[in-house]
Amino acid sequence: MSEYKNVTIINHPLISHKLTHIRRKETSSKEFKEYLDEITRLMAYEVLKDIKLEKINIETPIAKTIGYRICEKVNLYPILRAGQGMVEGFTTTIPSARVGHIGMYRDEKTLQPVEYLFKYPKDTEKDTYNIIIDPMLATGGSAIAAINTLKSKGIQNLKFVALLGSKKAIENITRKHPDVEIFIAAVDAELNDKGYIVPGLGDAGDRIFGTK
């Protein structure tokens with residue numbers, strides 16, 4: 001992935017350890033959600049590393065000094081339903097983040113995304129930190145559709161955060177939207193004939209919510 005300047009693979013021992021547990025088929029929904037939350041928090045530190053700060057005057061118990069606070073608004077856009085599993089990891093890290101929602105499902109015959117819901121915070125066009133979240137990037141179709149929707153509303157400075165993706169998805173997204181930064185924990189090589197990532201981790205939504 002070094003050929004893609006917009007892609008950051010967050011390679012950290014703690015993430016690799018927790019990702020291994022998430023991949024295992026024996027992992028329960030409860031454990032899956034817990035590990036996903038923990039990984040998301042770890043990834044959030046890297047994703048937010050260049051967020052803007054402003055200086056403020058504060059007073060410690062000893063003396064007056066200069067402190068810092070975040071001066072950019074952060075909007076999160078989970079792609080439903082699996083993206084909802086990453087929201088808490090971000091909002092725990094940055095509680096002021098506002099949450100929109102992009103509802104999509106994948107047509108099982110065409111493998112194409114179908115949008116059924118889009119909600120976004122007020123004054124979004126004035127914000128400069130917009131993060132789309134979804135655990136899986138399989139073909140990249142849902143990601144591209146979500147980016148298209150946001151851009152159609154004038155929303156720019158987009159980042160996409162995923163737990164796991166395929167090379168094909170990253171190639172597709174980068175070809176369509178080279179300006180969107182992608183942050184991902186791991187990249188798998190293949191997709192099977194049903195559009196699932198191999199070896200992957202199965203259907204993230206089903207594993208989060210205990211459905212089939």
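In the predicted model, helix α1 (residues 13-23) contributes I15, K18, L19 and I22 to the buried part of the structure. These residues cover an arc of only 105° around the helix axis, which places them on the same side of α1. This arrangement accords with the general geometry of such elements: an α-helix has 3.6 residues a turn, so residues three or four places apart point the same way. The partners against which the buried residues of α1 pack are the helices α2 (29-47) and α6 (204-209), together with the strands β10 (158-166) and β11 (181-188).

Strand β11 also takes part in strand pairing. Of its 8 residues, 6 are buried, so β11 is largely enclosed by the rest of the structure. Strand β1 (residues 7-9) runs parallel to β11 and is joined to it by 3 bridges; within this pairing, I9 of chain position 9 has I184 as its bridge partner in β11. A further parallel pairing, over 7 bridges, links β11 to β10. Opposite E181 of β11 stands K159.

Helix α5 (residues 167-176) likewise contains buried residues, namely A169, I170, N172, I173 and T174. Their packing partners comprise the strands β1, β9 (136-137), β10 and β11, as well as helix α4 (141-152). Both β10 and β11 are thus packed against by buried residues of α1 and by buried residues of α5.

Within helix α4 lies A145. When residues up to four places away in sequence are not counted, A145 touches M104 and P113. The separation between A145 and D134 is 11 residues in sequence, and their C-alpha atoms are 13 Å apart in space.

At the surface, a nonpolar patch of about 410 Å² is formed by L53, I66, Y68 and I70. Strand β3 (residues 64-70) gives the most to this patch, supplying 3 residues. In general, the side chains of a regular strand alternate between the two faces of the sheet. Y68, one of the patch residues, lies in β3 and has a relative accessibility of 53%. Because residues over 50% are classed as exposed, Y68 counts as exposed.

Methods. Residues are numbered from 1 along each chain as its sequence is written. This is a predicted model: local features need pLDDT of at least 70, side-chain atom pairs count only at pLDDT 80 or more; totals for chains, interfaces and linings use all residues. Side-chain values use heavy atoms; hydrogens and water are left out. Patches are made of residues with over 30% relative accessible area and no salt bridge: like charges are joined within 9 Å, nonpolar side chains (Val, Leu, Ile, Met, Phe, Trp, Tyr) within 5 Å. Accessible areas come from the Shrake-Rupley method with a 1.4 Å probe; for residues, only the protein chains shown count as cover. A salt bridge is a side-chain nitrogen of Lys or Arg within 4 Å of a carboxyl oxygen of Asp or Glu. Helices (H or I, at least four residues) and strands (E, at least two) are DSSP runs, numbered from the N terminus. Buried means under 20% relative accessible area, exposed over 50%, partly exposed in between (1.4 Å probe, protein chains only). The arc is that of the directions from the helix axis to the C-beta atoms. Contact means heavy atoms within 4.5 Å. Two strands pair if DSSP finds at least two bridges between them.
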